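Here is a quick tour of the fold you have on screen, from the surface to the core and on to the charged pairs. Have the viewer open and click along.

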Amino acid sequence: LPPCEKVTLTVSAPGLAPVVRKGLSVKSNTVTTLSIMVGSGDVVTVAPFAPMVSTRQADTPLVIPAQEIQALPVLGEFQDRSYQSLLYLTPSSSHSRRAGNPAVGGATGNENIYLIDGIKTNDPVTGEWGTNMNIAFFQSLDSTVYGVEAQGATSTGGYFNMVTQSGSNDWHGSVFGWFTTSGMTARINSNDFEVTQDQDWRAQDYGFTFSGPIVKDRLWFFAGANPYHRSDDNKGYDIV
């Protein structure tokens, strides 16, 4: 199942009354365990319980659902609202001096794992992220620092798992547009090693998403487009 909200779970067996549990949520890279008791009478008890805490494993997870992804005013290093900007929200992350590749948990920016819909997208040569995509097309993003489960790829840095949007039995669509300039962002502060001058730039992107059923309960589709334009007035810079 893809990450989603308000899932209905039905448990049935011959000779027993069915149990229906509504309002469940499915999170990416997260296991939800339910204890369900069934009986032959009309009264059915459903009791969820929290998983046991493992004292031998310490992980630091972060899950950002689509609602938060769309609401966050993310611009990032590339001024293109790419998903790499969201990676810096991971606990213990900092800038690695390698654009779009945060240093997580004390590791370098080359030690992260980037998965999109379960496919590893790391550049095979540099180990950095290898696929770029606008955050408008993501349904969920989760990251884990330390303690990645055995089914995940080996990572000595951050483990990032991005899930793209998908179709469903309902029709959905959106139209979006963004525009920003250098005047809308904070000024660049020079340091002891370089003297920089503000560079004027303008960036804009727009697009749409559209999804729905092809065969109900069997086959769905999701389509989208996102043209991006940026212009820079390069005045150069001096290194002291």
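## Starting at the surface: Val-175

Val-175 counts as exposed, because its relative accessibility is 74% and the cut-off for exposed is over 50%. You'll find Val-175 in strand β12, which covers residues 172-181. Bear in mind as you click around that this is a predicted model.

Which residues make a nonpolar surface patch with Val-175? They are Trp-171, Phe-208 and Phe-210, and together the four make a patch of about 470 Å².

## The chain as a whole

Zooming out, the chain has 2 helices and 17 strands. It runs to 240 residues, and 31% of them count as buried. The exposed area comes to about 15000 Å², with carbon and sulfur atoms supplying 56% of it.

What about contacts along the chain? Taking the contacts with a separation of 6 or more, 59% are between residues 24 or more positions apart.

## The main nonpolar core

In soluble globular proteins, nonpolar side chains tend to be buried together. Here, the largest nonpolar core has 16 residues. Ile-69, Tyr-83, Leu-141 and Met-162 are the ones with the most contacts inside this core. Two or more residues apiece come from β5 (60-65), α2 (84-87), β8 (113-116), β10 (138-145) and β11 (158-164). Which element gives the most to this core? That's β10, with 3 residues.

Met-162 is a good one to click on. Skip its neighbours within four places in sequence, and Met-162 is in contact with Tyr-83, Tyr-114, Leu-115, Ile-116 and Asp-117, plus Phe-138, Ser-140 and Leu-141.

## β10 and its partner β11

Strand β10 is mostly covered, with 8 of its 8 residues buried. Strands β10 and β11 pair in the antiparallel sense, and 7 bridges make up the pairing. To see one of these bridges, go to Asp-142, whose bridge partner in β11 is Asn-161.

## Two residues on β2

Strand β2 takes in residues 19-26, and Leu-24 is one of them. Lys-22 lies in β2 as well. Is each of them buried or exposed? Leu-24 counts as buried because its relative accessibility is 17%, and the cut-off for buried is under 20%. Lys-22, at 63% relative accessibility, counts as exposed.

What do they touch? With neighbours within four places in sequence left out, Leu-24 is in contact with Glu-5, Lys-6, Val-7, Leu-9 and Leu-34. On the same terms, Lys-22 is in contact with Val-7 and Thr-8. For a couple of C-alpha distances, Leu-24 and Glu-5 are 6.5 Å apart in space and 19 residues apart in sequence. Lys-22 and Leu-9 are 13 residues apart along the chain, and their C-alpha atoms are separated by 6.4 Å.

## Salt bridges

Side chains of opposite charge can pair when their charged atoms come close. How many salt bridges does the structure hold? It holds 4. One of them joins Asp-205 and Arg-81, whose closest N and O atoms are 2.9 Å apart. This pair links distant parts of the chain, 124 residues apart: Asp-205 is in strand β14 (residues 200-215), and Arg-81 is in the loop between α1 (66-71) and α2. Both Asp-205 and Arg-81 are buried.

Another bridge brings together the side chains of Arg-202 and Asp-233, at 3.6 Å from N to O. Arg-202 lies in strand β14 and Asp-233 in strand β16 (residues 228-233), so this bridge ties together parts that are 31 residues apart in sequence. Arg-202 is partly exposed, with a relative accessible area of 35%, and Asp-233 counts as partly exposed at 33% relative accessibility.

A further bridge is formed by the side chains of Asp-232 and Arg-230, with an N to O distance of 2.7 Å. Asp-232 is partly exposed, with a relative accessible area of 44%. Arg-230 counts as partly exposed too, at 33% relative accessibility.

Technical notes:
Residues numbered from 1 in each chain as written. Predicted model: local features only at pLDDT ≥ 70, side-chain atom pairs only at ≥ 80, totals over all residues. Heavy atoms only, no water. Core = buried A, V, L, I, M, F, W, Y, C linked by side-chain atoms within 4.5 Å. Buried < 20%, exposed > 50% of the residue type's maximum accessible area, 1.4 Å probe, protein only. Helix = DSSP H or I, 4+ residues; strand = E, 2+ residues; numbered from the N terminus. Contact = heavy atoms within 4.5 Å. Pairing = 2+ DSSP bridges. Patch = residues over 30% accessible without salt bridge, like charges linked within 9 Å, V, L, I, M, F, W, Y side chains within 5 Å. Areas by Shrake-Rupley, 256 points an atom, 1.4 Å probe, with all protein chains shown as cover.
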